[in-house]
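Biologist: I should like to learn how to read the features of a protein model in a careful order. Where should one begin?

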Amino acid sequence: MKAPRHAPVIVLLLVAAAACGFGVYRWVAPGSAAPQQAANAMPAAGKTMTADDALNLKMDSLDGGGGRKLADWKGKAVVLNFWATWCQPCRQEIPLLVKLQAQYAGQGLQVIGIATDETDEKSVQAFLKRMVVNYPMLMGTDDVGTMVAAFGGTLIGLPYTLVLDRNGKVLSIHAGELHPAEAEQLVNLALSGQGPAAPSAATMVTPATATQPVTTAK
């Protein structure tokens, strides 16, 4: 008996359906990541970290004061800014952060900068000597991407800012350069200590400002 003429077509459709099914499974399987997110995110070096670990991660102080950790500022409302010397929006943002620190320090605000995607600590220190900065600067390590992930963020570019309450809990995440009105909102949020329950719901992105991509860790 001859096979129906349309049998090869049916076989091809079944093969294609099977292939598509495998692709869908690979996309939704637990632990799998969207290719674009994995490509854009700063590498986490295969490590995992809790929020408490992130608060206690030691980094060199760029003022020569030795190792510091975010937990050292517990009790302060923290605006945590990830930046780099090569990032123009980051450089433009520093005077605004200096102003915020001067204006709200008496109310318990602490701005902290973390130099990210830098390889030479001395060159970063030399850059800071040319700037007037009134808040602590730390030298980011290879664990910066993992640190951000522990706080519920994804370090896809610079500048990148987290707002922490006085107990070190993330209240908001902002990707891109801060502008005065946005910065005031974040400061008010930090000082009030009132934010969304989940960091993902607190994510704030500035559509008009493209972030500088993070290429490699320190």
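Modeller: One begins with burial: a residue counts as buried when its relative accessible area is under 20%, as exposed when that area is over 50%, and as partly exposed in between. Phe127, with a relative accessible area of 9%, is therefore buried. Please keep in mind that this is a predicted model.

Biologist: How many helices and strands does the chain have, and what percentage of its residues count as buried?

Modeller: The chain holds 8 helices and 10 strands. It has 218 residues, of which 41% count as buried. Its accessible surface is about 11,600 Å², and carbon and sulfur atoms contribute 58% of that area. As for contacts between residues at least 6 apart in sequence, 73% of them join residues at least 24 apart.

Biologist: How should I read the nonpolar core, and which residues have the most contacts inside it?

Modeller: In soluble globular proteins, nonpolar side chains tend to be buried together. Here the largest nonpolar core comprises 57 residues, and Phe82, Trp83, Leu109, Met147 and Phe151 have the most contacts inside it. Helix H4, residues 88–104, supplies the largest share of this core, with 7 residues.

Biologist: Which residues are in contact with Met147, leaving aside its neighbours within four places in sequence?

Modeller: With those neighbours set aside, Met147 touches Met49, Ala54, Leu57, Met59, Leu70, Phe82 and Ile114. Phe82 is itself among the core residues with the most contacts.

Biologist: How is an aromatic pair to be read, and how many does a search of the whole structure find?

Modeller: A pair of aromatic rings is described by the distance of the centres and the angle of the planes. The search of the whole structure yields 1 such pair. Trp83 and Phe127 form it, with 5.7 Å from centre to centre and 35° between the planes, a tilted arrangement. The two partners come from distant parts of the chain, 44 residues apart: Trp83 belongs to strand S3 (residues 77–83) and Phe127 to helix H5 (residues 121–129).

Biologist: Is Trp83 buried or exposed?

Modeller: Trp83 is buried, because its relative accessible area is 0%. Phe127, at 9%, is buried as well.

Biologist: Let us turn to charged side chains. Which residues do the salt bridges join into one network?

Modeller: The criterion is a side-chain nitrogen of Lys or Arg within 4 Å of a carboxyl oxygen of Asp or Glu. By this rule there are 2 salt bridges. Asp72 meets Arg68 at 3.0 Å, N to O, and Lys69 also bridges to Asp72, with the closest N and O atoms 3.2 Å apart. Shared partners thus join Arg68, Lys69 and Asp72 into one network.

Biologist: Why does Asp72 count as partly exposed?

Modeller: Asp72 has a relative accessibility of 34%, so it falls between the two cut-offs. Arg68 is partly exposed at 28%, and Lys69 is partly exposed at 22%.

Biologist: How do I read a pair of strands, for example S7 and S8, and in which sense do they pair?

Modeller: In a regular strand the side chains alternate between the two faces of the sheet. Strand S7, residues 160–164, pairs with S8 in the antiparallel sense over 5 bridges. Leu164 stands opposite Val170 in S8. The hairpin of S7 and S8 has 5 residues between the strands, and Gly168 there adopts a positive phi near 85°. Strand S8, residues 170–175, is mostly covered, with 6 of its 6 residues buried.

Biologist: Which backbone details deserve a separate look?

Modeller: Most residues other than glycine have a negative phi, and most peptide bonds are trans. The peptide bond from Leu158 to Pro159, however, is cis, with omega near 0°. Pro159 sits in the loop between strand S6 (157–158) and S7. Asp117, a residue other than glycine, has a positive phi near 60°. Its loop runs between strand S4 (109–115) and H5, and Asp117 is buried, with a relative accessible area of 9%.

Biologist: Where does Asp143 lie?

Modeller: Asp143 lies in the loop between strand S5 (137–139) and helix H6 (144–150). Asp143 counts as buried, because its relative accessibility is 14%. Leaving aside neighbours within four places in sequence, Asp143 is in contact with Lys47, Met49 and Leu57.

Definitions and conventions:
Residues are numbered from 1 along each chain as its sequence is written. This is a predicted model: local features need pLDDT of at least 70, side-chain atom pairs count only at pLDDT 80 or more; totals for chains, interfaces and linings use all residues. Side-chain values use heavy atoms; hydrogens and water are left out. Buried means under 20% relative accessible area, exposed over 50%, partly exposed in between (1.4 Å probe, protein chains only). Helices (H or I, at least four residues) and strands (E, at least two) are DSSP runs, numbered from the N terminus. Two strands pair if DSSP finds at least two bridges between them. Rings of Phe, Tyr and Trp (its six-membered ring) pair if their centres lie within 6.5 Å; planes under 30 degrees apart count as stacked, over 60 as edge-to-face and the rest as tilted. Contact means heavy atoms within 4.5 Å. Accessible areas come from the Shrake-Rupley method with a 1.4 Å probe; for residues, only the protein chains shown count as cover. A nonpolar core is a set of buried Ala, Val, Leu, Ile, Met, Phe, Trp, Tyr and Cys residues joined through side-chain atoms within 4.5 Å.
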